[in-house]
Amino acid sequence: MPASLYQPLYFIIVAFFCMMVAFRYISSPSYALQMEKHDMLLPLSLCVFLIFWLGFRPISGTYFGDTANYALEYSMLDTQNAMGINWKSEWLWALTMLLCKSTGFSVSIFFTLVEAGYILFAFWAAKRFLPSNPLIGTLFVFSSLMFYNFGVNGLRNGVACSIILVAFSYFLDNKYWFALVLAIVALGFHRSVFLPIVAIIVSRYFIKDFKLSVYFWMACIFISLIVGGSIANFFASLGFDDRMNSYLSNDYEDSFSSIGFRWDFLLYSTPPIVLGWYILVHKKIKDDWFRILCMTYVICNAFWVLVIRVAFTNRFAYLSWFMYPILIAYPIINLPIWKDQDKKIGMILACYCGFTLFMQLIIW
């Protein structure tokens, strides 16, 4: 299949399932479907299809971004010189490449294994956070604005964020040792997930008022507007991510995430915060999992706001955006918010998917 067809076909396929489910919920007169338990056959089948379809995609830097770079790195990997690999950085990613290359796997099989990790961990997270309705959770995840991009472009970041989302579910469930193991695995794929790890610890044990996290986020917007790029330079000097130094250069001025204050990205980041405020502050619904997740999202997004001017700012924004679909799906499925909740679920899913289609197929 031509590489140019992958993106539109992906979103058409996902939109088909989203709209079928959305219309079923919109037709419901109450909240009966919200309480209904769904099996895992359909979402799991969709996962398996996407794993092999995306895994065996053509090697194209034009349509799949860093896919071409990863393929070149994989082809040039010397399995006899394992000590030449940088084990201090993303060591688990390096080890995965080394094992696959040593086994004789083609680059397509390697990408398929990466997709399996990315997609199945995301599905696992959806099942953990929405045990009665993994289908809705999976559809929200797959129809997210950046899910496809980080499945074929920012691979390491995508895999790490999927794993850390599962780790969050076990951390909130007080299964700390398993959460710790998953967190170490995620860090082995991409060190940047250290930020959400710290954020969820702060949200659970130190700052327990959701309103304070929102005020902090608003303060960061003000600081970023006033101080400008010096904040990004400061974080780059801390060595949080070696790639940040290159992103600060002018070489990326024409990139997808152009340098400057991204009001459009900030606007996109706002709905989960507004929903959290509506549920936790306005409706006064108490749910510790949702509160902690919301605060974790807000803290991570606040960090991104401070470095919003760097090139490829979407990669830093993804350190909060990977929680986006769960933050939308979790409350509308698990919490009693409206009397006609089925209709609201269907409308939110349709709008969520529709926005992604509009952005991916028309704007970008």
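In this predicted model, N174 sits in the loop that joins α10 to α11 (176–189). The phi angle of N174 is near 65°, a positive value in a residue other than glycine. With a relative accessible area of 45%, N174 is partly exposed, since partly exposed residues are those between the 20% and 50% limits. A second loop residue of this kind is K284, found between α16 (263–282) and α17 (288–306). Phi of K284 is likewise positive, near 60°, and here too the residue is not a glycine. The relative accessible area of K284 is 63%, and K284 is therefore classed as exposed.

These loops connect parts of a helical architecture. The protein contains 20 helices and zero strands. Of its 364 residues, 55% are buried. Among contacts with a separation of 6 or more, 80% are made by residues 24 or more positions apart. The accessible surface of the protein amounts to about 15,900 Å², and carbon and sulfur atoms hold 68% of that surface.

Helix α16, which borders the loop of K284, also carries Y268. Y268 has a relative accessibility of 11% and so counts as buried, the limit for that class being under 20%. Once neighbours within four places in sequence are set aside, the contacts of Y268 are with L145, W321, Y324 and F355. One of these partners, W321, is 53 residues away along the chain, and the C-alpha atoms of Y268 and W321 are 9.4 Å apart. Another partner, Y324, belongs to helix α19 and is buried there.

Helix α19 (residues 324–334) is itself mostly covered, with ten of its eleven residues buried. Besides Y324, the buried residues of α19 include P325, I326, L327 and I328. Further along the helix, A329, Y330, P331, I332 and I333 are buried too. P325 appears again in the lining of the largest cavity, where it is one of the residues that lie nearest the centre.

What does the inside of the model leave empty? One cavity of 30 Å³ or more is present in the structure. The volume of the largest cavity is about 120 Å³. The elements that contribute two or more residues to its lining are α10 (155–172) and α18 (313–321). The lining comprises 13 residues, and V141, F147, Y318, F322 and P325 lie nearest the centre of the cavity. Helix α10 gives the most to this lining, with four residues. By residue class, the lining of the largest cavity holds ten nonpolar residues, three polar residues and no charged ones.

The largest pocket offers a further site to examine, with a volume of about 500 Å³. It is lined by 23 residues, and Q7, Y63, G65, N149 and N153 are the closest to its centre. At least two lining residues come from each of α1 (6–26), α4 (61–64), α9 (147–152) and α18. Helix α18 thus contributes to the lining of the pocket and also to that of the largest cavity. The pocket lining divides into eleven nonpolar, ten polar and two charged residues. Charged residues are present in the pocket lining, whereas the lining of the largest cavity has none.

Two other buried residues are worth a closer look. F111 is located in helix α7 (residues 107–129). At a relative accessible area of 1%, F111 is buried. Apart from neighbours within four places in sequence, F111 is in contact with G55, R57, I59, T67, Y70, A71 and L155. A71 lies 40 residues from F111 along the chain, and their C-alpha atoms are separated by 8.7 Å. L155, also in this contact list, falls in α10, the helix that spans 155–172.

Q341 is the other example, and it is placed in helix α20 (residues 341–363). The relative accessible area of Q341 is 0%, so Q341 is buried. The side chain of Q341 reaches the backbone nitrogen of I337, at a distance of 2.8 Å.

Notes
Residues are numbered from 1 along each chain as its sequence is written. This is a predicted model: local features need pLDDT of at least 70, side-chain atom pairs count only at pLDDT 80 or more; totals for chains, interfaces and linings use all residues. Side-chain values use heavy atoms; hydrogens and water are left out. On a 1 Å grid over the protein atoms alone, a cavity is a set of points where a 1.4 Å probe fits but cannot get out, and a pocket is an open set with protein on both sides within 12 Å along at least five of seven lines; lining residues have an atom within 4 Å of a point. Grid points are joined across faces, edges and corners, and a volume is the space filled by probe spheres set on the points. Ala, Val, Leu, Ile, Met, Phe, Trp, Tyr, Cys and Pro count as nonpolar, Asp, Glu, Lys and Arg as charged, and the others, Gly among them, as polar. Buried means under 20% relative accessible area, exposed over 50%, partly exposed in between (1.4 Å probe, protein chains only). Contact means heavy atoms within 4.5 Å. Accessible areas come from the Shrake-Rupley method with a 1.4 Å probe; for residues, only the protein chains shown count as cover. A polar contact is a pair of N or O atoms within 3.5 Å; within protein, one must be able to donate a hydrogen and the other to accept it, and residues adjacent in sequence count only if both atoms are side-chain atoms.
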